[in-house]
Each structure stands twice: as structure tokens, then as C-alpha cells.
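Colleague: I should like to go through this structure with you, one region at a time. Please give the reasoning behind each answer.

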Amino acid sequence: MEAIPYARLTPDVILGAAEACGFEPNGRVLALNSYENRVYQIGTETGFIVAKFYRPGRWTDAAILEEHEFALELARREIPVVPPLVIGGETLHEHEGYRYALYERRGGRWPELATREERVQMGRFLGRIHAVGAVRPFRERPTLEPYALCASAAERILAGNWLPPHLVDSYRAVTRQVLDGIARCLEEAGPCRRLRLHGDCHPGNVLWTDSGPHFVDLDDCVNGPAVQDLWLFLSGGRDEMAAKLQDLLDGYREFADFDPRELRLIEALRSARLVNYTAWITDRWADPAFPRAFPWITENKYWEDHVLTLKEQLAAMDEAPLPVR
């Protein structure tokens, strides 16, 4: 594997990948906002397509194909996702050593979910996705385990010597407490059903149009609890989050059951994501895109704020679950 991922992914290679699948690119290439993979809008003689080049070594072919099949399965049920194009009976292609998939270009804006109507509508679509996701589990994709995710991420951060010396002990102590809190939340929630999820269903992975949302980028799809695809739409104070969650669930329950015990997992999942997000940036630092996009991670202030945020999460995990009907 190359020391610098995508080092050979030049415009000629990108255009050649489109040509290899039968398209006639006109030379227009626009890089879209993506760091884990590389995603480009490519102009063709008949319009635009989007090409996603998978990060080398991250997923097996079988795991990528399982992602593709999930997206296609949802699309066949008329659930608004953006599935890969099937070209010559295949969705996963290879060109110049890079694996890639092609997609239709879809427009839209990030959802604001400012009204109850919009939140209920979003909940309906999430319920429909999960009704399909519950039919059978992924076999090649991982299962979301917040304790293991957080523990591994914290270990990698400490091993990488990213922390300012004066914060090492504080970080080690607070992440141990966070892990204890996650374990407690998991125990109190008890066994929860695991189903196929989008996995990274935040507003940036949803495009909103006048007819409602459509979902993009299933690259992080996993088996996990349903609440993982709900809590990322919650923000603000506790009362505001409870009101938003109620609206989402009012729509969600029209198509799928929701186990209220999963509400105990929200802050545990948030805590694990906070630690893992930071580890993700440090893990990818050799990729030149990451120092350009996240320069603040080398600053003491970032780590001071990060430790403070994790301490706040300790209090959040001690609170009762959000109240919903």
C-alpha cells in the first residue's frame, strides 16, 4: 500500500476511470467534500456523474459490495438513497489500482429540520430504512460496539504522542471514566436488537429537496442499534433534543418499532464518536488532505477543549435518558 493514499489519483486517472465504464468525460472534474475516500463530480457529454474512489486497504471487496447491495435493496423499495450505478452487471470497478463506484449526481441541501413536519418526514424515511435493515444482518460489515470503538481510539491517540505533556494524565484518566460510563449505559440498556444501519446518518449525508430527503454515502454502514441513525440529528439543550427526538420517532414508528431502552445509549454513542473522531484524524495524518483540513489538532487548545468535552460527557451519561412517549 502506498505511504500516501491517492498519490497517483491524478485527473487523468479519474477521467480514465469514467471512460473505462463507458462514459465520455469532457474534462471537467470537481473534487467534492470527502476525506476518507475521494469523491469527484465528472462532467460527461450527457451531464454529470459522481465517482467515489475507495481508500486503499480500508474495506474488503466483499464489504464494499455488501454496502452496494444494501443501497440497491433500499432503492428497489423506493427509499430515497443514491445507489451505485450498475454497469456491465457490476457496481465495484478498478482502474489503475484504485477501486471505485459511479453514481448519478443528485442535488439538494443539508436538512435544517427546523419544523416538526420535516423531522417527522425524516423519521419516516429512517423507519423505512430500518424496516429493510432488520430483514437480515450484514455479514461482511462490522457491528458497532461503542466500548471497543472508544477504547481502541483512546489507545491509538495515547500511543501516537499527540497530547501535550501536561494533558496526558488527564486524558488517560478521563477516557477511563468515559469507558466506565459507556459500559454502565450498555448494561442499563440491556441487550438491544442490531440491524443494518446507515451508520453515519448526520445532516451532511442527507440531501434535502422540495420532495424530502435522499440519503448518500453508506460507506460506514454497520450492524447496530436503531438509535445510532437517530441521535446525530439531535442538537441543542436537553429539552430541545427531547422535542426533536419525539418528532423523529413519531414518523419512525409508522414504519418500524423502536425499543425505548436504546435511549440510554445516546450519550454513550456520542462519547465513543467524540473519541473516535479525533483518533480518525490522527490515524490519517499521513494523508496530505488531513493536515490541510484539520490543522487545529496540533494546537494545545484543541486537546484542552477535547478533555473538557469528555468530562462534560461524563455528566451527560449520568443523566436519565431523554423523555419521549
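Colleague: Does N161 count as buried or exposed?

Modeller: This is a predicted model, and what follows is computed from it. N161 is found in the loop between α4 (146-159) and α5 (168-189), and it has a positive phi of about 55 degrees although it is not a glycine. The cut-off for an exposed residue is over 50% relative accessible area. N161 has a relative accessibility of 69%, so it counts as exposed.

Colleague: L113 is likewise not a glycine and has a positive phi. Does L113 count as buried or exposed?

Modeller: L113 lies in the loop between β5 and α3, and its phi is about 50 degrees. A residue counts as buried under 20% relative accessible area. The value for L113 is 9%, and therefore L113 counts as buried.

Colleague: Which residues have the most contacts inside the largest nonpolar core?

Modeller: The largest nonpolar core has 44 residues. Elements that each supply at least two residues of this core include α2 (61-76), α3 (116-133), β6 (195-197) and β7 (206-209), together with α6 (228-231), α7 (238-252) and α8 (266-283). Inside this core, the residues with the most contacts are M122 and F215.

Colleague: Which element gives the largest share of this core?

Modeller: One of the elements that supply at least two residues of the core is α7 (238-252). Its contribution is six residues, and the largest share thus belongs to α7.

Colleague: Leaving aside neighbours within four places in sequence, with which residues is M122 in contact?

Modeller: Contact here requires heavy atoms within 4.5 Å. With neighbours within four places in sequence left aside, the partners of M122 are P111, L113, V206, W208, P213, F215, F233 and L248.

Colleague: How many residues does the second, separate core have?

Modeller: This core is separate from the one just described, and its members include A153, V174, A268 and Y302. Its size is 28 residues.

Colleague: How many bridges join β7 to β8?

Modeller: β7 and β8 form a hairpin with two residues between them. Within this pair, T209 stands opposite G212 in β8. The two strands run antiparallel, and the number of bridges that join them is four.

Colleague: Why is β3 described as largely enclosed by the rest of the structure?

Modeller: β3 pairs with β2 in the antiparallel sense over seven bridges, and it is joined to β5, also antiparallel, by five bridges. The description itself rests on burial: β3 is largely enclosed because, of its seven residues, the number buried is five.

Colleague: Which residue of β3 is the bridge partner of R38?

Modeller: A hairpin joins β2 to β3 through two residues. On the β5 side, I49 stands opposite E104. For R38, the bridge partner in β3 is F53.

Colleague: Which element provides the largest share of the lining of the second largest pocket?

Modeller: The second largest pocket holds about 210 Å³ of space. Its lining comprises 15 residues, of which S34, R38, Y40, A289 and R292 lie nearest its centre. The elements that give two or more residues to this lining are β2 and α9 (289-293). The largest share, three residues, comes from β2.

Colleague: How many nonpolar residues are in the lining of that second largest pocket?

Modeller: The lining also holds two polar and three charged residues. The nonpolar residues number 10.

Colleague: What is the volume of the largest cavity?

Modeller: One cavity of 30 Å³ or more is counted. The largest cavity is lined by P146, L186, R194, P225, L265, A268 and L269, and by class these are six nonpolar, no polar and one charged residues. The volume of the largest cavity is about 40 Å³.

Colleague: Which residues of helix α1 are buried?

Modeller: What covers the buried residues of α1 includes β1 (25-31), β2 (38-44), β3 (47-53), β4 (93-95) and β5 (98-104). The helix is followed by G22, whose phi is positive, near 95 degrees. In α1 (residues 11-20), the buried residues are V13, I14, L15, G16, A17 and A18.

Colleague: Is N300 buried, exposed or partly exposed?

Modeller: N300 belongs to helix α10 (residues 300-318). Not counting residues up to four places away in sequence, N300 touches P164, H166 and L167. Its relative accessible area is 40%, so N300 is partly exposed.

Note on methods: Residues are numbered from 1 along each chain as its sequence is written. This is a predicted model: local features need pLDDT of at least 70, side-chain atom pairs count only at pLDDT 80 or more; totals for chains, interfaces and linings use all residues. Side-chain values use heavy atoms; hydrogens and water are left out. On a 1 Å grid over the protein atoms alone, a cavity is a set of points where a 1.4 Å probe fits but cannot get out, and a pocket is an open set with protein on both sides within 12 Å along at least five of seven lines; lining residues have an atom within 4 Å of a point. Grid points are joined across faces, edges and corners, and a volume is the space filled by probe spheres set on the points. Ala, Val, Leu, Ile, Met, Phe, Trp, Tyr, Cys and Pro count as nonpolar, Asp, Glu, Lys and Arg as charged, and the others, Gly among them, as polar. Buried means under 20% relative accessible area, exposed over 50%, partly exposed in between (1.4 Å probe, protein chains only). A nonpolar core is a set of buried Ala, Val, Leu, Ile, Met, Phe, Trp, Tyr and Cys residues joined through side-chain atoms within 4.5 Å. Two strands pair if DSSP finds at least two bridges between them.
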